[in-house]
Amino acid sequence: MIISGKELSAKLKAEMAAEVATFGEKYGRVPHLVVILVGEDPGSVSYVTGKAKASAEVGIRNTTIRKPETISEAELLGIIAELNADAEVDGILVQLPLPKHIDEDKVIEAIDKAKDVDGFHPLNVAALWQKQPCTLPCTPKGIIKMLKAAGVGIAGKEAVVIGRSNIVGLPVSKLLLDENATVTMTHSRTRNLPEVTRRADILVVAIGRPKFVTADMVREGAVVIDVGVNRDPETGKLCGDVDFAAVEPKASVITPVPGGVGPMTICCLMENTIECFLRRMGRK
């Protein structure tokens, strides 16, 4: 079975749109997401466009602040400080990666934790690991939603995650653990990786290497979640970290690239923006 993130996200966005439609009357305004884009990285530009489109579908107000690659760190931090202080802004997202001369950690830390829709602020990350209420990172949150929508039981299963990034690998491992999976984290230094991945009932791949996972690395009937977005070196087309054509016949459930995890990430960003808005409204 192929899980279409596109279809699932369309359903969830329609539900969110119905909810947001009631906010004008209840709260006097709708949630407001501000996205900061530095430079013209083609991947980043396309993500930011996708976020604006999803906001329009859900009825969220979206502002995109575009700045040249030459912006100083101080100026960027100044913009964030203004947005933190703006009562009409509910969510702030700085599109990564940033140019080399800007310290990403410093920028993420500067965002008000209550407006951190990406879930990357150190205090949100700490809360995730301590099982405290927090904003969950969008991609891992989307992955769990996809597994549940496909009827995949997570409790008691062997889950293997390839990749240990702060954005996907680490948080998705924690969310799988919270769902009572037995989780193994693997990475570039793991010995006998195919031996480890063949044990997986659920395999999550997030390393950014085109078609890295081949059929011999996957056991019959496994659930395969492909987070990678790469260009196939042979065809130039978008492809994932999994060799889809080879692995799909063996997998019981698999996500495609494009149209799999990507749309769910943006969908969860919309959900996080609504959550931040409602928490702020509840505090007034």
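Trainee: Helices here are DSSP runs of H or I with at least four residues, and strands are runs of E with at least two, both numbered from the N terminus. With that settled, where is the place of Ser46?

Mentor: Ser46 is in helix α3. Please note that this is a predicted model, in which local features need pLDDT of at least 70, side-chain atom pairs count only at pLDDT 80 or more, and totals for chains, interfaces and linings use all residues. Residues are numbered from 1 along each chain as its sequence is written, and side-chain values use heavy atoms, with hydrogens and water left out.

Trainee: Why is Ser46 called partly exposed?

Mentor: Ser46 is called partly exposed because its relative accessible area is 46%. Buried means under 20%, exposed over 50%, and partly exposed in between, using a 1.4 Å probe and protein chains only.

Trainee: How far apart in space are Ser46 and Ala87?

Mentor: Their C-alpha atoms are 28 Å apart, with the two positions 41 residues apart in sequence numbering.

Trainee: And Asn166, where does that one lie?

Mentor: Asn166 lies in the loop between β4 (158-162) and α8 (169-178). It counts as exposed because its relative accessibility is 62%. Asn166 and Val125 are 41 residues apart in sequence, and 8.9 Å apart from C-alpha to C-alpha.

Trainee: Back to α3. At what angle does it pack with α1?

Mentor: Helix α1 (residues 5-20) and helix α3 (residues 42-58) pack at about 55°, with their axes 8 Å apart. The axes are lines fitted to C-alpha atoms over the stretch in contact, and angles run from 0 to 180 degrees between N-to-C directions. The two helices are therefore oblique to each other; under 35 degrees is roughly parallel, over 145 roughly antiparallel, 65 to 115 roughly perpendicular, and the rest oblique.

Trainee: Which residues meet there, in α1 and α3?

Mentor: Lys13, Met16, Ala17 and Val20 in α1 meet Ala54, Glu57 and Val58 in α3, where contact means heavy atoms within 4.5 Å. These residues divide into five nonpolar, no polar and two charged. Nonpolar covers Ala, Val, Leu, Ile, Met, Phe, Trp, Tyr, Cys and Pro; charged covers Asp, Glu, Lys and Arg; the others, Gly among them, are polar.

Trainee: New topic: which domains does the domain assignment give?

Mentor: It gives domain 1 (26-116) and domain 2 (136-260), with bounds from an automatic or database assignment. Their centres, taken over C-alpha atoms, are 28 Å apart.
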